[in-house]
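User: Could you take a close look at one part of this structure for me? I would like to see how the metal site is put together, with a little of what lies elsewhere in the chain.

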Amino acid sequence: MTRSLPALGALAALALARPAAAEEAVQLSRFDTGLVDRKLDACTDFYQYSCSRWLEAHPIPADQASWSTGSNLQIWNESILRETMERAAAPDPKRTRLEQQIGDYWQACIDVANLDRLGLEPIHADLDRIAAMKSKAELPRAIAHLHLTVPGAPGGFNVYDNHTPAALFGYGPTQDFADATLVVAAIDQGGMALLSRDAYLAEDAKSKEIRQKYQAHIRKLFELAGEKPERAASDAAAVLRIETSLARAAMDAVKRRDPKNLNNVRTLAQVKAATPAFAWATYLAEIGAPASRHYIVAAPGFLAGMERVIQAEPLSAWKAYLRWWTLHGNAAALSTPFVEENFDFFFRVLFGTQELRPRWRRCVTYADRDLGEALGQAYVTRAFPPESKQRAEALVRSIEAALATDIDGLEWMSPATKKAAQAKLRAIEDKIGYPKKWIDYGSVVIGRESMAANVHAASGFEFRRQVAKIGKPVDRAEWTMTPPTINAYYDPQLNTINFPAGILQPPFYDPQQSEAANYGGIGSVIGHEIVHGFDDQGRKYDGQGNLRDWWAPEDGKQYDAHGQCIAAQYTQDIPELGIKQDGLLTQGEDTADNGGLRIALLALESAYAAQGKSLDAPGPDGFTDRQRFFLAYGFAWCENIRPEFARTLVGMNPHSLSRYRVNNVVQNMPDFQKAFSCRKGQPMVREVACRVW
Ligand SMILES: [Zn+2]
């Protein structure tokens with residue numbers, strides 16, 4: 001995962017049609033060695049050396065939690081989607097179904113006066129239904145209704161997430177761990193609106209303060225929905241009590257990183273026996289779930305805890321919990337007071353953001369979530385010409401070849417394990433830009449009347465689409481990110497690497513910049529994703545995506561020793577926040593950062609050797625291309641970040657903060673130290689360097 005830099009000429013280079021006004025207003029960040037602060041020493045703090053001038057010139061806007069070299073690319077991508085939606089919203093009797101959906105979605109979202117006029121109306125029926133509940137036996141039906149209407153319950157579970165962000169628990173399809181051809185049902189821990197389990201349990205003063213503010217936020221939403229202050233206060237206390245009980249039963253994020261801990265195969269009878277207070281038959285019938293050969297219960301302890309809390313809490317507390325998830329899940333699609341109260345806690349308190357983003361940007365975000373592959377088609381047409389795809393494919397192949405060379409040269413790995421690793425590497429499927437087939441949204445009913453109704457329709461469609469996969473063969477063509485997304489991922493169960501068109505743009509990838517800079521930018525991102533197939537999680541899957549140990553025992557031990565070096569290095573104090581990073585949580589990402597940059601450099605070296613060029617000849621700006629490679633890497637990570645957001649990330653995010661993604665990596669690289677003539681004892685030279693790949 002990543003960020004970006006500035007320039008307008010990029011638009012022409014990207015072969016865009018006439019850019020919209022909004023796009024023209026955005027200056028894409030571009031890598032430029034003129035931004036390097038030569039008064040500083042690269043060997044003292046390479047992140048500052050690469051970034052300090054950019055950071056000084058780019059303070060965080062009031063409506064952002066952070067601001068990075070990729071932030072303008074984000075706005076640029078969003079501008080393309082905005083223009084597409086605005087055009088589709090114009091009255092035209094010849095509009096296609098897709099244009100009608102996109103256009104009406106936009107109109108319903110952007111018309112704040114209409115949202116304010118509607119007030120609580122769009123969820124009135126939902127609230128009435130909860131009020132009419134007579135016993136806890138009706139809980140399964142109520143949870144099913146939330147899963148079918150509220151976004152954020154994508155179905156199944158993601159081994160990279162701490163929990164599924166859905167009411168009470170997560171339900172959906174997952175590829176079977178033992179048989180990668182099968183899709184089975186998964187039940188995951190969930191039901192917590194705070195971003196991590198630890199946010200409910202940590203005993204430090206700051207965490208307690210955040211929980212107080214969280215409880216106050218829940219109370220205020222209840223009051224906005226018409227509850228009397230006293231009742232709202234006791235309901236908010238009940239909600240926090242239930243969510244805290246669920247958090248206590250949840251598996252912690254580090255334990256969750258080992259897929260073996262998640263692969264708990266159960267029959268439906270066993271699931272039912274674990275939770276007699278919850279009628280699974282009712283829930284499954286409500287969501288229309290197909291039968292599953294078996295069920296993967298990601299966290300058995302969570303199911304036991306869920307049973308305890310259903311029994312322990314009275315019906316009134318459960319009604320409060322259901323009302324909260326209804327209000328919380330819909331707040332962003334309701335009138336201004338709900339939108340502002342939701343912002344106040346989830347952005348101002350948790351991230352430190354001062355202002356709401358402009359309405360148009362939020363509408364683009366929601367549309368990308370709800371109709372992402374429809375909008376994605378327009379984005380690809382505008383921003384991702386076939387030659388960009390071809391060049392990206394060639395880059396990926398060159399970096400995969402570099403990892404093959406790297407594996408061959410490893411001293412600690414036996415020939416048998418090397419052979420198996422090479423087989424897995426060859427089996428990786430590269431997905432570049434956008435999916436081969438698009439999701440068909442034809443059945444989703446979108447109108448101009450109510451944004452909440454549109455969100456319910458899209459969420460229900462997506463949840464049912466996910467659930468319908470259970471029992472069917474695995475669809476290898478699917479993506480879990482939309483084309484305009486500035487990010488990338490490795491899927492260990494499909495053994496695919498995926499690079500949405502959104503990240504194959506400046507400054508990460510820029511046809512106008514040097515080859516060395518492209519390898520340092522997008523090349524390092526590609527390397528990162530490939531190495532995920534061989535990090536401490538990914539290495540546990542084979543090339544077909546089965547959870548199967550293909551390592552000779554001695555090689556497995558060697559791997560763990562090398563991995564522990566990384567985990568120990570990144571278990572570090574973050575002085576300005578007064579907290580410590582847990583290197584066991586970030587180990588996979590850190591391994592991918594370190595290995596990714598190394599193999600990107602190897603690939604660049606091969607490309608230069610093939611062309612008979614030198615990486616070490618100084619250019620007109622005084623930097624060699626080897627230095628340029630590292631500078632482009634540093635530049636891709638320049639980021640100003642609010643302390644509140646940084647603190648929230650360190651508590652839950654498996655990625656290290658940007659400056660460590662730069663400095664800790666180069667500290668481990670003799671190639672970097674040689675390129676900048678760093679001496680032993682300087683901060684960017686570690687006494688004991690870690691290396692896995
Ligand atoms: Zn990653």
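Analyst: Happy to help; here is the metal site, followed by a small sheet and one loop residue. Please keep in mind that this is a predicted model.

Let's begin with the zinc ion. Its protein donors are NE2 of His528, NE2 of His532 and an OE atom of Glu589, and they lie 2.0 to 2.1 Å from the metal. Written along the sequence, the donor residues follow the spacing H-x3-H-x56-E. The two histidines both belong to helix H23 (residues 515-532), and because they are 4 residues apart there, about one helical turn separates His528 from His532. Both His528 and His532 are buried.

Now for the sheet. Three strands form an open sheet in the order E8-E10-E9, and their pairing is mixed. Strand E8 (429-433) and strand E9 (489-491) are the edges, each pairing on one side only. From one strand to the next, the twist averages 20 degrees. E9 and strand E10 (residues 496-500) run antiparallel and are joined by 3 bridges; Asp491 stands opposite Thr496 in E10. Helix H20 (residues 386-409) packs on this sheet, where it touches E8 and E10, and its direction makes about 150 degrees with that of E8.

Finally, Asn162 sits in the loop between helix H8 (139-149) and strand E4 (169-175). Asn162 counts as buried because its relative accessible area is 14%, under the 20% cut-off. Its contacts beyond four places in sequence include Gln189, Leu195, Arg256 and Met652. With Met652 there is also a polar contact: the Asn162 side chain reaches the backbone oxygen of Met652 at 3.3 Å.

Terms used: Residues numbered from 1 in each chain as written. Predicted model: local features only at pLDDT ≥ 70, side-chain atom pairs only at ≥ 80, totals over all residues. Heavy atoms only, no water. Buried < 20%, exposed > 50% of the residue type's maximum accessible area, 1.4 Å probe, protein only. Polar contact = N/O pair within 3.5 Å; in protein donor to acceptor, adjacent residues only side chain to side chain. Contact = heavy atoms within 4.5 Å. Donors = N, O, S within 2.8 Å, 3.2 Å for Na, K, Ca; no water. Pairing = 2+ DSSP bridges. Axes fitted to C-alpha atoms, helices over the stretch in contact; angles between N-to-C directions.
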